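I opened my notebook and took a look at this one. Come along and read over my shoulder.

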Amino acid sequence: MQKIRTFLKNSKGATAIEYGLIAALIAVAAIAAMSGLGGSISGTFNRVGGELNTAGTNAS
């Protein structure tokens with residue numbers, strides 16, 4: 001019975017789980033933000049690439 005009480009009083013495991021959950025939530029938020037910005041970033045790179053192709057064609 002004493003081992004069970006000691007185990008329940010130990011808060012190190014609970015703290016580690018809380019930090020793990022916080023890290024997981026931050027990762028989910030970062031992934032959501034990056035996937036949301038992915039389309040606009042892709043469009044920007046495509047536009048810049050097109051401008052560079054046009055500039056290269058006009059220069060020669």
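I first wrote down what "exposed" means here: a relative accessible area over 50%. Buried means under 20%, and anything in between is partly exposed. I also noted that I am working with a predicted model.

Entry 1, Thr-57. I looked up this residue and found it in helix H2. Is Thr-57 buried or exposed? Its relative accessible area is 56%, so Thr-57 counts as exposed under the over 50% cut-off. I then checked its side chain for polar company. A polar atom there lies 2.8 Å from the backbone oxygen of Asn-53.

Entry 2, Ile-26. I moved along to Ile-26, which is also part of helix H2, and I noted that this helix covers residues 12-59. With a relative accessible area of 55%, Ile-26 is exposed too, because the cut-off is over 50%. Which residues make a nonpolar surface patch with Ile-26? I found Tyr-19 and Ile-22 as its partners, and the patch comes to about 350 Å².

Entry 3, the whole chain. I stepped back and counted secondary structure: the chain has 2 helices and 0 strands. How much of the chain counts as buried? I got 0% of its 60 residues. Finally, I looked up the accessible surface of the chain, which is about 5400 Å². Carbon and sulfur atoms account for 69% of that surface.

Note on methods:
Residues are numbered from 1 along each chain as its sequence is written. This is a predicted model: local features need pLDDT of at least 70, side-chain atom pairs count only at pLDDT 80 or more; totals for chains, interfaces and linings use all residues. Side-chain values use heavy atoms; hydrogens and water are left out. Patches are made of residues with over 30% relative accessible area and no salt bridge: like charges are joined within 9 Å, nonpolar side chains (Val, Leu, Ile, Met, Phe, Trp, Tyr) within 5 Å. Accessible areas come from the Shrake-Rupley method with a 1.4 Å probe; for residues, only the protein chains shown count as cover. A salt bridge is a side-chain nitrogen of Lys or Arg within 4 Å of a carboxyl oxygen of Asp or Glu. Helices (H or I, at least four residues) and strands (E, at least two) are DSSP runs, numbered from the N terminus. Buried means under 20% relative accessible area, exposed over 50%, partly exposed in between (1.4 Å probe, protein chains only). A polar contact is a pair of N or O atoms within 3.5 Å; within protein, one must be able to donate a hydrogen and the other to accept it, and residues adjacent in sequence count only if both atoms are side-chain atoms.
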